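The following exercises are to be worked through with the sequence and the model at hand. Each task is followed by a solution in steps.

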Amino acid sequence: MPNVRHRLPRVLALCVLIGGSALSGCSTDVAGRPVPAAGFLDQPESEAPHTRSAIAQPPRIPAPRGDADACGLLSPEDLTPVGGVAGPPHPGSPVPGACAHLLGGSPDSPDNTAAAGFHEPFPAIAQRQPRGVEVDVRGYSSWLYCEPVTGYQTCTAATAIRSDRSLLTMLSLKDASAADTAERLFGLTTAALQKLPPA
């Protein structure tokens with residue numbers, strides 16, 4: 001089995017999609033367009049993707065959620081459909097407050113990664129990723145953004161759980177389509193959201 005410790009830094013370089021002060025060089029927008037997939041509430045074809053000007057309304061938060069251990073937001077059972085876990089979790093990656101899990105499943109895809117944790121408020125992330133799209137996760141507003149980077153399709157979802165915080169989930173899969181990655185990310189986002197206690 002390859003050394004997991006050496007694989008993680010290269011994978012996390014793909015996470016420029018998340019942006020944030022914790023990642024240097026991530027303040028510019030990355031080109032691309034997300035593809036909402038099964039599970040995420042699809043927008044009507046005639047409706048343009050939401051942009052910064054289209055999210056003036058507060059995000060939908062049916063019941064504010066509290067914090068939990070970021071490394072416990074995605075269990076080995078949750079990660080089985082995306083390749084299972086390959087090694088220990090990596091707290092503080094790809095951003096502080098998150099936890100990354102390298103995925104197994106295929107020697108051809110050694111850097112497949114899933115992550116979950118907490119990040120900036122929903123509007124801040126939507127503003128940083130103007131080409132993302134607002135979707136629905138169990139009634140919560142979630143900002144979906146997908147981008148292929150060096151052969152890996154990486155999708156992030158920032159789900160509004162409080163006015164000051166979002167639940168961040170990420171999935172990066174080699175040679176995958178945006179639709180397939182987004183669909184699998186929906187399952188991970190739902191699993192993580194259900195583990196959060198009421199605020």
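**Exercise 1. Determine how many bridges join β6 to β7 and in which direction the two strands run.**

Step 1. Strands here are DSSP runs (E, at least two residues) and helices are DSSP runs (H or I, at least four residues), both numbered from the N terminus. Two strands pair if DSSP finds at least two bridges between them.

Step 2. β6 and β7 run antiparallel and are joined by 10 bridges. Within this pairing, C155 stands opposite L171 of β7.

Step 3. The model is predicted: local features require pLDDT of at least 70, side-chain atom pairs count only at pLDDT 80 or more, and totals for chains, interfaces and linings use all residues. Residues are numbered from 1 along each chain as its sequence is written, and side-chain values use heavy atoms, with hydrogens and water left out.

**Exercise 2. Establish the strand order of the sheet, its edge strands and the helix that packs on it.**

Step 1. The sheet is open and consists of 7 strands in the order β1-β2-β3-β7-β6-β5-β4, with antiparallel pairing.

Step 2. β1 (90-91) and β4 pair on one side only and are therefore the edge strands, given that pairing takes at least two DSSP bridges.

Step 3. The helix α4 packs on the sheet and touches β3, β4, β5, β6 and β7; contact means heavy atoms within 4.5 Å. The direction of α4 makes about 140° with that of β7. Axes are lines fitted to C-alpha atoms, for helices over the stretch in contact, and angles run from 0 to 180 degrees between N-to-C directions.

**Exercise 3. Identify the residues that touch the most other members of the largest nonpolar core, and the elements that supply this core.**

Step 1. A nonpolar core is a set of buried Ala, Val, Leu, Ile, Met, Phe, Trp, Tyr and Cys residues joined through side-chain atoms within 4.5 Å. Buried means under 20% relative accessible area, exposed over 50%, and partly exposed in between (1.4 Å probe, protein chains only).

Step 2. The largest core has 29 residues, of which L144, L167 and L171 touch the most other members.

Step 3. At least two residues of this core come from each of β3 (113-119), β4 (133-137), β5 (140-149), β6 (152-162), β7 (165-174) and α4 (178-194). The greatest contribution is that of α4, with 7 residues.

Step 4. Another core, of 6 residues, lies apart from it and includes F122, W143, A158 and A160.

**Exercise 4. Find which parts of the chain are linked by the salt bridges of R60 and D67.**

Step 1. Side chains of opposite charge can pair when their charged atoms come close. A salt bridge is a side-chain nitrogen of Lys or Arg within 4 Å of a carboxyl oxygen of Asp or Glu. The structure holds 8 of them.

Step 2. R60 pairs with D136, the closest N and O atoms being 3.5 Å apart. R60 lies in the loop between α1 (4-12) and α2, D136 in strand β4, 76 residues apart. R60 is partly exposed at 39% relative accessible area, whereas D136 is buried at 18%.

Step 3. D67 forms a salt bridge with R162, with closest N and O atoms 3.4 Å apart. This pair links the loop between α1 and α2 to strand β6, 95 residues apart. D67 counts as partly exposed because its relative accessibility is 42%.

Step 4. D67 also meets R165 in a salt bridge of 3.0 Å, N to O. R165 lies in strand β7, so the pair ties together parts 98 residues apart in sequence. Salt bridges that share partners join D67, R162, D164 and R165 into one network.
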